[in-house]
Amino acid sequence: MGLAELRELIEPEETELKALSGREIAIDAFNALYQFLTTIMKDGRPLMDSEGRITSHLNGLLYRTVNLVEEGIKPVYVFDGEPPELKRRTLREREERKKEAEERLKRASSREEREKYARQVVRLSDELIEDAKRLLELMGIPWVQAPSEGEAQCAHMAREGDVWAAGSQDYDSLLFGAPRLVRNLTIVGQRKHPHTGEIIEVKPEILELDDVLDQLGLDSREQLVDLAILLGTDYNPDGIPGIGPKRALQLIRKYGSLDELQDTELWPKIERHLPAEPEEIRSLFLEPKVTDDYELEWEEPDEEGIVEFLVEERDFSEDRVRRAVERLRKAMKELGRKGKQETLDAFF
Amino acid sequence: MTLFRAYQEEARYFKYAFNAAGKVVEEAPLIISPDKGILSRAMDASHIAMAVLEMPWEMFDEYEAPTEEEELIYGLDMEEVTRIVRRTRVTDEFTLEAESEDEVIVKLATGGYEREFRLRSIEIEDIPDEPELDYTVEVTVVPDFVQDAVRDADLVSDTVKVGVEDGTFYFKAEGERGTVQPKVQEGAEALLGFDAEEDVETAYPLDYLKDMIQAAQGAESVIIRLGEDMPLELEFRIGPAGEGRLKFYLAPRVEE
C-alpha cells in the first residue's frame, strides 16, 4: 500500500549510524514499538514477565535506544494521539483482521505458524504505551504526545528544525512534509528476515523529500500527496484498484494534480473509491494537527528507577539492565561533551 | 579518439590524493577543464565534509588537454576508484585519459607491462561550490605532525578540538580514558607558517579527519585554516613541485 510501492523508483541513501552522530531524530513511537513487539520474540511468543505481561516493547526500547545514543544520536519518541476520523475505518478493518489472526493463532500447530499469527495479533494497548513512556522518562529520553498522527508531529518538528529528521519505517512522514526521513533506525544490525529467515545486514536509510520528488519527477509535496492518495494511504487504504504505481505516477506527472484529473474519463472510477473529497484527504497530510508544546532535553538516566521497573516488576535480568544503563549514562555524558555536528550547508 | 590524456611517471600523487578523497566522499565529478586541468569538488552524503581536488596540467609530465572549449565532466564512484588505488604502486607509471564521454581510463604501467582500468561514468547530480570563509588562523605544518596528532587523539575520543593559543597550534582530545594534546610552537621546525588573528578552539569529528590525513603521505606540507565554530580546511600541496592541491573542508561540532 501507498508510497512503499514506489520503492523501486526511489533510491534511498544507505548510511551508517555513526554518520547520524549528533543528530536529533523524532522517532514514530508507535511504529518502533510495533517493530519491537513483532520482532523480539521467543518460541513464537512476545517476551513476557512472570505475570504474563508483554515485555518485548520494553526490551527493544531499552537496548535499541541505548545503541542509538551510543552512536551520538539524540532520539525523541513521538506518540500518536487521536486518529483523524477518516483513519478510524482503516483501524476497524485492521482490528477485524487481528481477530481473524487470533482464531488462527489458537489453531496454529508449528512454531513458524505461531510466530506468523502472533505478529499479526499484536496490539499496542494503553498499558504498553504507558509502559513505554514510563521507561523513556526513567531513561532521560524525551517523548512527545502528538495531538493526532505521530508521523505528522515528527514531520512538524523536523520542518521547524528542532530535529534533523523523522524516524519511521513508513514513508508517510514525507507526505506530512518531513524534509528528511531516516528508516531502519531501530532495527540496524544483523536481523533475521521475518519471512525467509535469512540473516541480513540492515543499515539506516536516508530519504530526502527533495530527492524523492526529483527521482519521481514531481514538482511539489502536494503532488506527492496526490500520488499517495491514488496508491492508497491510511485514510483510503485501498487506493484506486487498477491504477498501479507506475500508472499513478504517470497520471500525476501528466495532469499535475487530482483536481486536473476530474475532467478525464478516469474520474468516476477514482471518485468511487475515495472515501472523501480529495481536498479533505489531502488536507490531513498538508495541514495535520500538530503541537508546538514540547521540550527536547536529554537527561541523566535514573538507574535505580529503571531497575525497580524492569527488574523488580518485569523480571528483566539485573546484570543486563545495569550494564545497559551504564552504557546509556556514559553515552549521555558524551552527547553533552561532543556538541552538535554541523553540516557545511550553513557555510556557503 | 582521445578526448584528454594526463600522464605521470609516478602514480604517487594520484594514489594518495584519490585514496583520501575516496574515503571521504562516496561519489565525485571529474571535471576536465581545457585551461585549468583536472578538477573535482564533492560533498559526502551527510554534508559534513567536502573534498576539492585541483590538478593543473603543469603537474603532469605529459598531457593533452581537451581541444573543445567546454569542460568534460565524468562521474566517479569513489569506491571503485579506491579499489583501483589499492592496486596502484606509487612507482607505477600513471595515465588518466578518456576516449568517450561514458568512461574514464586509468592505465598503470610497470616492468614492461600495462594494466588498464575502465571506469564507467556515473550521473552526478550537482557539483557544489567551495564555501567562502573568513578564517582567522592559517598554519602550515609538516604532514607528520597532523598525522600523529589525529592518530593520538583517536586513542581517547571520537572528537578533537583544534586550536591556537599564544603562538601554539594544538590538537586536544578528551575522553573517559584521559586526554591527549599534540602541539607545536611558533618557531619550531615543524611549524612552517603561522598566522593567527586571534586564539580559537573548535571541535571536529575524528572519523573524517582520520580519512583525510591519508593524503598527508603524498604531500610536502599541510595548510590548516581555522576559525571559531567554523569549518576546518586542510590543504595538501601535491605534485612534484606542489603544483596541485587537495583540500578538505570539515564542518565543526559546536557546543549547545
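This passage describes chain B of a predicted model, and then one residue of chain A.

Chain B contains 256 residues, and 57% of them are buried. Its secondary structure comprises four helices and 20 strands. The contacts within chain B often span long stretches of sequence. Counting contacts between residues at least 6 apart in sequence, 65% join residues at least 24 apart. The exposed surface of chain B amounts to about 11,700 Å². Carbon and sulfur atoms supply 38% of that surface.

Strand 3 of chain B covers residues 37-43. How much of this strand is buried? Six of its seven residues are buried, so strand 3 is largely enclosed by the rest of the structure. In a regular strand, side chains alternate between the two faces of the sheet.

Strand 3 of chain B pairs with strand 2 of chain B, which spans residues 27-33. The two run antiparallel and share three bridges. Within this pairing, B:Ile38 of strand 3 stands opposite B:Ile32. A hairpin links strand 2 to strand 3 in chain B, with three residues making the connection.

Strand 3 of chain B also pairs with strand 4 of chain B, residues 49-55. This pairing is antiparallel too, and six bridges join the strands. One residue pair shows the register: B:Ser40 has B:Leu53 of strand 4 as its bridge partner. Strands 3 and 4 of chain B form a hairpin with five residues between them. In this hairpin, B:His47 adopts a positive phi near 60°. Strand 3 of chain B is thus bridged to strand 2 and to strand 4.

Attention now turns to chain A. A:Asp49 sits in a loop of chain A, between strand 4 (45-46) and helix 2 (56-70). Is A:Asp49 buried or exposed? Its relative accessibility is 6%, and buried means under 20%. A:Asp49 therefore counts as buried.

The side chain of A:Asp49 meets backbone nitrogens in chain A. One belongs to A:Glu51, and it lies 2.9 Å from a polar atom of the A:Asp49 side chain. Another belongs to A:Arg53, which the side chain of A:Asp49 reaches at 2.8 Å. Other contacts of A:Asp49 involve residues beyond its neighbours within four places in sequence. These partners are A:Thr55, A:Glu313, A:Arg314 and A:Asp315. A:Asp49 thus combines a buried position with side-chain links to the backbone nitrogens of A:Glu51 and A:Arg53.

Note on methods: Residues are numbered from 1 along each chain as its sequence is written. Chains are lettered from A and ligands numbered from 1 in the order in which they are written. This is a predicted model: local features need pLDDT of at least 70, side-chain atom pairs count only at pLDDT 80 or more; totals for chains, interfaces and linings use all residues. Side-chain values use heavy atoms; hydrogens and water are left out. Buried means under 20% relative accessible area, exposed over 50%, partly exposed in between (1.4 Å probe, protein chains only). Two strands pair if DSSP finds at least two bridges between them. Contact means heavy atoms within 4.5 Å. Accessible areas come from the Shrake-Rupley method with a 1.4 Å probe; for residues, only the protein chains shown count as cover. A polar contact is a pair of N or O atoms within 3.5 Å; within protein, one must be able to donate a hydrogen and the other to accept it, and residues adjacent in sequence count only if both atoms are side-chain atoms.
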